[in-house]
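Please look at the sequence and the model shown below, and keep both in view while reading. The paragraphs that follow go from strands to a pocket, and then to charged side chains and cysteines.

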Amino acid sequence: MQTISDLRLDSFLPLARMEEELARPAYSTYIKAKPFPHVVFDNFFDPDLVDRVLAEFPKPGAIRWQKFDSAEEIKLASAAEASFGPMTRLFMYHLNSYTFLDFIGKVTGIDNLIPDPRFEGGGLHQIVPGGKPGVHADFNRHRDYGLDRRLNLLLYLNKDWRQEYGGELQLWDRDMKQCEAKVLPIFNRVMIFGTTDFTYHGHPDPLRCPEGMTRKSLALYYFSNGRPAEEVAGEHSTLFRARDPKDFRPTFKQRLRKLTDDCIPPIVLRRFRREG
C-alpha cells in the first residue's frame, strides 16, 4: 500500500534524469532526428514503478477494450480511467502534470503544451500476435477541445522483447519511399515525437511474438492552441499510408465479417454482438 512519503513528485517523475537530458541537450537530438523530430529515452522511469504499472496492465479479455480490426490496423485500446490500475492512474496524471509538460516542452521546443485529461486515442494500447497498426499520420485536432495535436509520448512495457518478435515502431519519410528509423518496444523505453500530416509511423508487419504474449504500451498525446503556419492543414482523422498494395489487404475473417455486416439487418447484428 502506498504511503504519503511514496507519493512525492520524484516517486513518479525522474527529476534528476530530466535535468540531465536537458543539459545534454535533448533538444538538439530531437530536432535533428530523421525522418522527423523524435527522441528516445531508455530506462527513463524508476523500473520498480514501471513494473507496478505492468503488473496492473489488463489482459486482452480482462476489460472492455476498444477493438480495432481492419485491413489497416488490428489492436486493442482503452482510454477509460476506470480501466487503469491505481498506480497507472496516478502515473498518467503525473505525465500530464505541469512539471512534465515543462520538461517535454523544453526537449521539443514547443511552448505552452496542453495535456489531454480524456486520453483521447491514447491510454492503454495492446497488440496481440498477428496485430499491427499500419503506417499512418495521426488525427490532427482534438475532437472535443479543438486543440492542435503536437506530440506523442509512448512508454513501452515489454520485458524480454526480442527483435524477431517484430513490433518495431517504423518512422517513414514524407514520400513513403523509405523507413528511416526503427524503435524496438522494449521495457521502460520512452519515445517522443512530433505529429504533423507527414509524420508517418506504425508497425505494419503483423506481430510475431509467441501466443500469450502481447505488445503493451502507454500512450499520451499533447496539444497546443494553434501551431506554426507551415503545419496548418484541414482537420482530419488518422491517415493511413501503404508501403505497397499488399499492406491493406483484408484477412479472410475481415472479409467474412464485412459480408456478414452487409447481409444481416443491423438490429440482429447488435443483439448478436451483445449476447456474444
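A residue is called buried here when its relative accessible area is under 20%, exposed when that area is over 50%, and partly exposed in between. These words will be used throughout for a model that is predicted.

A good place to begin is strand β12, which spans residues 215-224 and is mostly covered, since 10 of its 10 residues are buried. In a regular strand the side chains alternate between the two faces of the sheet. In β12 one side carries Arg215, Ser217, Ala219, Tyr221 and Phe223, while the other carries Lys216, Leu218, Leu220, Tyr222 and Ser224, and with all of these residues buried, both faces of the strand are covered.

Which strands pair with β12? One of them is β4, made of residues 123-127, which runs antiparallel to β12 and is joined to it by 5 bridges; within this pairing, histidine 125 has serine 217 of β12 as its bridge partner. Another is β7, residues 148-156, which pairs with β12 in the antiparallel sense over 8 bridges, and here leucine 155 stands opposite leucine 218.

Strand β7 also leads the reader onward to β10, because β7 and β10 run antiparallel and are joined by 5 bridges. Leucine 155, already met opposite leucine 218 in β12, has valine 190 as its bridge partner in β10. The same valine 190 is the bridge partner of phenylalanine 41, and the strand β1, residues 38-42, pairs with β10 in the antiparallel sense over 5 bridges. Strand β10 itself covers residues 189-194, and 6 of its 6 residues are buried, so this strand is largely enclosed by the rest of the structure. Both of its faces are covered, with Arg189, Met191 and Phe193 buried on one side and Val190, Ile192 and Gly194 buried on the other.

The next topic is empty space. Rolling a probe the size of a water molecule over the atoms shows where empty space is left. The largest pocket found in this model has a volume of about 740 Å³. Its lining is made of 35 residues, of which Lys75, Gly121, Asp138, Tyr221 and Thr238 are the closest to the centre of the pocket. The elements that give two or more residues to this lining are β2 (66-69), β3 (73-78), β4, β7, β11 (200-202) and β12, and the largest share, 4 residues, comes from β7. Tyr221, one of the residues closest to the pocket centre, belongs to the buried residues of β12 described above.

Charged side chains come next. Side chains of opposite charge can pair when their charged atoms come close. The structure holds 16 salt bridges, and one of them joins glutamate 21 to arginine 17, with their closest N and O atoms 2.7 Å apart. Both of these residues lie in helix α1, residues 15-23, and they are 4 residues apart, which is about one turn of the helix. Glutamate 21 has a relative accessibility of 6% and therefore counts as buried, and a network of salt bridges links Arg17, Glu21 and Arg24.

Two other salt bridges may be set beside this one. Arginine 141 and aspartate 148 meet at 3.0 Å, N to O; the arginine is partly exposed at 28% relative accessible area, whereas aspartate 148 is buried at 10%. Arginine 162 and glutamate 164 form a salt bridge whose closest N and O atoms are 3.8 Å apart, and here arginine 162 is partly exposed at 48% and glutamate 164 is partly exposed at 47%.

How many disulfides does the model have? The count comes to 0: cysteine 179 is in no disulfide, and the nearest cysteine sulfur to it, that of cysteine 209, is 19 Å away. Two cysteine sulfur atoms would have to lie within 2.5 Å to count as a disulfide, so the sulfur of cysteine 209 is too far from that of cysteine 179 for a bond. Cysteine 209 is buried, at 5% relative accessibility, while cysteine 179 is partly exposed, at 21%.

Note on methods. Residues are numbered from 1 along each chain as its sequence is written. This is a predicted model: local features need pLDDT of at least 70, side-chain atom pairs count only at pLDDT 80 or more; totals for chains, interfaces and linings use all residues. Side-chain values use heavy atoms; hydrogens and water are left out. A salt bridge is a side-chain nitrogen of Lys or Arg within 4 Å of a carboxyl oxygen of Asp or Glu. Buried means under 20% relative accessible area, exposed over 50%, partly exposed in between (1.4 Å probe, protein chains only). Two strands pair if DSSP finds at least two bridges between them. On a 1 Å grid over the protein atoms alone, a cavity is a set of points where a 1.4 Å probe fits but cannot get out, and a pocket is an open set with protein on both sides within 12 Å along at least five of seven lines; lining residues have an atom within 4 Å of a point. Grid points are joined across faces, edges and corners, and a volume is the space filled by probe spheres set on the points.
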